[in-house]
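Please open the model in a viewer and keep the selection panel at hand. The stops below are meant to be followed in order.

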Amino acid sequence: MVAELQVKNRPAIAAVPNEPALSVRGLNVRFGTQTVLSNVQMDLEDGRYACLLGESGSGKSTLLAAIAGLIKPQAGSIRLRGQNVFTAGGMQISPEKRGIGMVFQDAALWPHLRVIDNVLFPLRAQGLPVDRERAMLLLEKMNIPATAVKRKPHELSGGQRQRVAIARAIIARPRLVLLDEPLSAVDQGVREEIRYFLRTLFREEGIAALHVTHDPSEAFYLGQHVGVLHSGHLEQWDQPEKLFRFPASENVARLSGSVRSLPVKIVQYQGGKAEVALANGQKIWVPGADTLREGKPGLLLLRPGDIDCDSPVDAFAAEAIHSHWSDGRYLVHLQAFGQHELLSYSQQSNLGPRHWQIYPNHGWCIPAETSANQEKIP
Amino acid sequence: MMGRSLNRLLVFGILGLLVLAPLATIIFEALQPDASHHHGMALLQLGVDQHFIHALLGTAGMAALAVVFALPIGLILALLMFYAPPKFSLVWEGLILIPFLIPPYLTAEAWTLLVGPVGLIEQLIHILGTPLETFLYSLAGMAAVMALHLTPLVYIILRAALQNGDFRLIQAARVHGAGLWRAFRVGVLPLVLPALAAAGLLVFLDTSAEFGVPALLSGYAGVTVLSTSIEAATNVWPVNLPRASAIGLVLCTLGIVAWFFYRPLANENRGQIHQLRYPSRWWSMLPLAAFVLIAMLLPIGAVLAVSFEKAITVGLKFSNFTWHHYHHILSHQSSAFGALETSLELAALVAFGTMVAALLTANIVRRGGRFAAFLDLLATLPMAIPGVVLAVGMILFWNAPWNHLPVFGTTAILGVAYATTTFPFAMRYARAGLAQIPQLLDNASRVHGSGPLRTFMKVHIPIAWPMLIGGATVVFALSMRELVASLMLQPAGVQVISTYIYANFRQGVIGDGMAMSVIGVLSSAFILGVARGLLLRR
């Protein structure tokens, strides 16, 4: 069975049941000689909220622009609800015919239209019935006062403008909404409020969302699925807990939260665990990726929560070189095995000699030269 | 894709007809034999033509002197208004800009009235009258009139340069030990110099292209200039179109060279809007008031006074007061009323049509690419082509034996001429309007279901609307006062405001001409005020 959107002014995009809301295969984007996206693959199930982490220039916004049809990739394919909207063979459906919603970094509300007209714009543009009640309801849910709906965007606060932009993106009940760092231009307090709105609203509406951000806490708060894009490569696309605990690369680990790494040598690998030799020659067992090979170098990724530096007395020696108050405890910077820095939470702020150990079943070891750890873009 | 191609074709067609065709015919005609020599190309004949050499020197001298006069005055005004603004600086700024709105031929006429044997200055300060009259009817006098007209332009450019400057540069210089002058040299002068050069080139360009002022003053001054020579070659028997084209080509080359130097200098806006306000100073009012008096109050006063006088020889006396000139202009049967009507209708039509065409052009230019750059060049080229040259080109193109389009010899030719001369201004506003629209708003519209046409109509036009109205206003005002193309192209039995004033002045019927000036300015101001009020009420 094929459900069709009621659209007057464009050929309807058929929605195929059981197909992902978004499916990207082998996507390549180049600007001149510079490769911006390379072989990106991802699936996003209908109704799921996914977040994509990445630094500035990693290709996050380019990926969204390609999905939206604002730029034309050089290779790969993009399917929305099972329908091709871009194929390398030359098929490129224009943005207005893809039936998606989008929230931009600085809201991008049309300054000459009132709030209510901004929200109703997608319905009018797509020839859908102009449902004012739904618009008002959405604005009410987004905590926009009824008195503000007839105002122009410049009369609203930054947070209000961004909430109106969210209402505009979902008014036409698209199957997919793209959010391009929607919270980066708003203050901390407002950011938390909008995060809450996003989470509840998208779950209620059952709309799939792909939200790009550089803030791991935002990604983990909102995302049912989280990915990390680095230098144009999607290095991991996974459930939040897996991405955090078992990162595929050092970049994924770094971009998803505080982490430090120790170079190790793999002694043996058994049942998801690896025996590794540390710089001082001591051997320990830690969880590790199944790509580890005996005798090869590895990287032991350690987050602050993996290390205990308060109780041990007969563990590894280190020097606390800096500590600061962070989230109800101290975050201590330790110098271990000479030049290697580690991070650990602690109840004490004192600097100087400390002892540390890794909590059982904590830490994550990956091969030192994973393909993801190497720079792949010329 | 099809719509985009159609848009490109339409825009290219419009600009081809307005700009390329007259230019091409001028070049072709300039390479024909000179009508009076029957051998050799007209362009080559100019090399041995003493009259042409004098005219070229006259034009260069007048333009250079205008630069010498306008730049220091404009710089002083800009520095005063920026660093030592008087109280009510907005009012002062308005007053400084008004002289630019007065057509230069009117300023010239007003000053001939002021310093003439029965003029106000001669009557009030007898000792100044004769020297001023001698000065006015000289190369320097013509340049001074142009400088009065163009100083506001210099002021605008320099003021913008000062405004775009980063005041922190001066603060940094002062903090690190620089005195006032050194801080100015480090923090301000580098910004002002390109702007000064740009302003100088623009003054040179505008003055060398000017027809009205030399047409009124050069005869008495014993000076010839290129613009009047061109007009004479098309208007005075024996008509010599190849010669007119050849001189036009030289004048045009002069303009285009100046324009190419000007263009890169004009894009100096760094977007650093200066927020620091300097404290107001009462003494800065004195030089500003002197400029406003000479460039605006005296000429306008003279025009107004003469428009209410029965006889200008009697002077300012109550018994000499009359409404007669106004009554004559506004009586329905008079040729003056016809001229007023024609001007208003033409200006309104041209304002609408030119803005639409400019918007279509700007929309292509905005996308970038080689074709867009070519269109941009074509659209701004009339800025560098003097009106008198364009008029010759239009005579040649629209009156060619093979051209059967019913344009030449009808009022439509004036519309075409106004559209061409005002196109760069319309284009500037249309581009500025579209430039206000961030790409993000386009993307938002496309992603949420709007096609390119709907995005253009529902997003681009409404956002750019105030700029489009601003552009239409400028086109309207420029069309209302255009003189040289109107003189050369107006069909028999048709007059417009500018040609009516000019003809009356030349024939000594000065009161009617001055009354027409006042009515022309007031009626266009009224219509523009109402139109702007209605169109911008949103």
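Select H22(B) first: this helix supplies 6 residues to the lining of the second largest pocket, the largest share of that lining. The model is a predicted one. Next, add the other elements of chain B that give two or more residues to this lining, namely helix H1 (2-30), helix H17 (335-367) and helix H21 (439-447), beside helix H22 (452-481) itself.

With these helices displayed, show the pocket as a volume; about 1,100 Å³ of space lies in it. Its lining consists of 29 residues. To find the centre, select B:Arg4, B:Arg367, B:Arg446, B:Pro452 and B:Leu453, which are the lining residues nearest to it. Colouring the lining by class gives 11 nonpolar, 11 polar and 7 charged residues.

Now widen the selection to residues 340-531 of chain B. An unreviewed UniProt entry annotates this span, together with residues 56-262, as "domain: ABC transmembrane type-1". Residues 340-531 are 79% helix and 0% strand, and the C-alpha atoms at the two ends of the span lie 18 Å apart.

Return to B:Arg446, one of the residues nearest the pocket centre, and display its partner in the other chain. The side chain of B:Arg446 forms a salt bridge with that of A:Glu96, at 2.7 Å from N to O. How many salt bridges does the rule find across the interface of chain A and chain B? The count there is 1.

Extend the view to the whole contact, which takes 23 residues from chain A and 17 residues from chain B. The area buried between the two chains is about 1,700 Å², with carbon and sulfur atoms giving 68% of it. On the chain A side, select A:Glu96, A:Trp110 and A:His112: these residues lose the most area to chain B, and together they account for 32% of what that side buries.

The last stop lies within chain A. Over all chains the structure holds 17 salt bridges, and one of them joins the side chains of A:Arg25 and A:Asp43 at 2.7 Å, N to O. A:Arg25 belongs to strand E3 (residues 22-31) and A:Asp43 to strand E4 (residues 34-44), so placed that the pair, 18 residues apart, links distant parts of the chain.

Key:
Residues are numbered from 1 along each chain as its sequence is written. Chains are lettered from A and ligands numbered from 1 in the order in which they are written. This is a predicted model: local features need pLDDT of at least 70, side-chain atom pairs count only at pLDDT 80 or more; totals for chains, interfaces and linings use all residues. Side-chain values use heavy atoms; hydrogens and water are left out. On a 1 Å grid over the protein atoms alone, a cavity is a set of points where a 1.4 Å probe fits but cannot get out, and a pocket is an open set with protein on both sides within 12 Å along at least five of seven lines; lining residues have an atom within 4 Å of a point. Grid points are joined across faces, edges and corners, and a volume is the space filled by probe spheres set on the points. Helices (H or I, at least four residues) and strands (E, at least two) are DSSP runs, numbered from the N terminus. Ala, Val, Leu, Ile, Met, Phe, Trp, Tyr, Cys and Pro count as nonpolar, Asp, Glu, Lys and Arg as charged, and the others, Gly among them, as polar. UniProt positions are given in the numbering used here, feature names are shortened, and annotations may be inferred rather than shown by experiment. Contact means heavy atoms within 4.5 Å. Buried area is the accessible area (1.4 Å probe) that two parts lose on being put together, summed over both. A salt bridge is a side-chain nitrogen of Lys or Arg within 4 Å of a carboxyl oxygen of Asp or Glu.
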